[in-house]
Amino acid sequence: MARAKTAPSAPSTSKELKDMLWKSADKLRGSMDASQYKDVVLGLVFLKYVSDAFEERREQIRLELVDEGYDEATVADTLEDRDEYTGSQVFWVPAEARWSYLAAHAKGTPDQSTGELIDDAMRRLMEENKSLAGTLPQVFNRSSVDMRRLSELVDLLNGARFTGAGARRARDLLGEVYEYFLEKFARAEGKRGGEFYTPAGVVRVLVEVLRPTSGRVYDPCCGSGGMFVQAEKFLESHHRSPGSISVYGQELNERTWRMARMNLAIHGILGNLGPTWGDTFARDLHPDLKADVVMANPPFNIKDWARREDDARWAYGVPPAGNANYAWLQHILSKLAPDGQAGVVMANGSMSSNSGGEGQIRAEMVEADVVSCMVALPTQLFRSTGIPVCVWFLAKNKGPNSTAGRVGDEARADVARTLADRRGQTLFIDARNLGHMVDRAERALSDDDIARIAGTFAAWRGIEGEYDDVPGFCRSVPTAEIKAAGYALTPGRYVGTAAVEDDGEPLDEKIERLTKELLEAMDESARLDAVVREQLGRLL
């Protein structure tokens, strides 16, 4: 039997691990494009984690049995008892799917190539763990995969260790790595990357505003599951278990749907993403669902979509055939429970477009009082598109008896104030000046930026703090004023301009001073121009 190469020392920090694993992705970069090696690398990372967790649990069982004085036969039998693993939330990994076996055969066997061995491992893992059925990629033996580089990748991954600090920490670490890879792959794929990845800052705006700590959470175009992962992090930060919410999602793209299934498994989230991938408009896989929270980043301005004029979801008007933006908004509204609320990322054009009857649909939504808040976001948050974006926050009930926006089922005891009655009003937030550039192409929202947006909404709803309009940033606007503005929902139209601090200098004196300074600067510019011309003349 071939021996596995000695593994390099394990990275000591999360950053080192991420960098090392991204280096492993580069092993395949030359032989396939980003969309292909994404499946290969993420699949192997998942398999490595599952195997590490299995082996760690296996060693724990062995040590416990030895300490208790059991004989070797009993120890051997118990080590193969599936319940000893699944009872500790560890996937059962059959022998031929364990990383030690794959590493020992990294160059393949006389009967199987490296790719065939890994495909077989993925198949066995899914057969033995029903929650993974149809999830893991089996793409390793395709002609586009360089077997030499794949075996080098297996060798390199031996240096990754997802265990040793407890199951929860290991899972968190893998979750970080997976999200890091998703972001890196989204950048590598450019525009197509936006199909499966929403920037973390944008997702956090939705989560921090909506506060999903109980009930049913739904995303009709879930991509790789980022909304659900961020909701799980919110639960953890509020000391609630992942089981506090029920997750439902749907995704059109097969490969992205598989990524989402794997992402949820990595984070320990039990979610219902439907039995298969599918088009939400053509076939809703959750037809009877009424969600407490909906979070979504639908594809912007799609022209080719499954439109039926008699669809019951079009309660506010039939969306145009050439743009599905208002189809997404109405589908999401149709999914809300009586006190449910939603956050939907949309292209800015959705706030004011009148083409194809969109203006009339928007007017009907405003008059029905289902638009709770509109947030204009900064540009360049999405590396994959230059289209400016906004967030629509929708609510079926803005009244004081609504539990929308409260934290948890014990909301009445948890908050000191009754929710404000905001019926007949819409909150506008102009956040276009927030954020900072992380490089020339991409902007990011800071924790303080996200907290400011979420805190403003929480104060407006009466959840915490006192709400006040802030010129240039936020304003609560009555429906009558929105109607007078032609039902345009662009925040900049309503929030006004930021107040300018009075420096105490009278206006006429300031004008006189600035005029004098400008004339002096112009005179100096003319003097320097003459000097330069004189010097140039001496050179000729």
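## A walk through the salt bridges, a helix pair and a surface patch

Aspartate 421 is partly exposed, since its relative accessible area is 37%. Keep in mind that you're looking at a predicted model. With Asp421 selected, add arginine 423: the two form a salt bridge, and their closest N and O atoms sit 2.7 Å apart.

Next, pick aspartate 311 and arginine 308. Their side chains meet in another salt bridge, at 3.3 Å from N to O. Check the cover on each partner: aspartate 311 is buried at 10% relative accessible area, which falls under the 20% cut-off, while arginine 308 comes out at 41% and counts as partly exposed.

Now jump to lysine 335 and aspartate 284. This salt bridge has its closest N and O atoms 2.5 Å apart. It ties together distant parts of the chain, 51 residues apart: lysine 335 is in the loop between α12 and β5, and aspartate 284 is in the loop between β3 and β4. Both residues are buried.

For a bigger group, select Glu96, Asp120, Arg123, Arg124 and Glu127, which are linked in a network of salt bridges. Across the whole structure, a search finds 29 salt bridges.

Time for some helices. Show α9 (residues 200-210) with α15 (residues 447-461): their axes come within 9 Å and cross at roughly 30 degrees. That angle is under 35 degrees, so the two helices count as roughly parallel. The crossing of α9 and α15 is right-handed.

Last stop: select Leu518, Leu519 and Met522, which make a nonpolar surface patch of about 310 Å². Leucine 519 belongs to helix α18, residues 507-539, and is partly exposed at 46% relative accessibility.

Methods. Residues are numbered from 1 along each chain as its sequence is written. This is a predicted model: local features need pLDDT of at least 70, side-chain atom pairs count only at pLDDT 80 or more; totals for chains, interfaces and linings use all residues. Side-chain values use heavy atoms; hydrogens and water are left out. Patches are made of residues with over 30% relative accessible area and no salt bridge: like charges are joined within 9 Å, nonpolar side chains (Val, Leu, Ile, Met, Phe, Trp, Tyr) within 5 Å. Accessible areas come from the Shrake-Rupley method with a 1.4 Å probe; for residues, only the protein chains shown count as cover. A salt bridge is a side-chain nitrogen of Lys or Arg within 4 Å of a carboxyl oxygen of Asp or Glu. Helices (H or I, at least four residues) and strands (E, at least two) are DSSP runs, numbered from the N terminus. Buried means under 20% relative accessible area, exposed over 50%, partly exposed in between (1.4 Å probe, protein chains only). Axes are lines fitted to C-alpha atoms, for helices over the stretch in contact, and angles run from 0 to 180 degrees between N-to-C directions. Angles under 35 degrees count as roughly parallel, over 145 as roughly antiparallel, 65 to 115 as roughly perpendicular and the rest as oblique. A crossing is left-handed if the near helix is turned anticlockwise from the far one by less than a right angle, and right-handed if clockwise.
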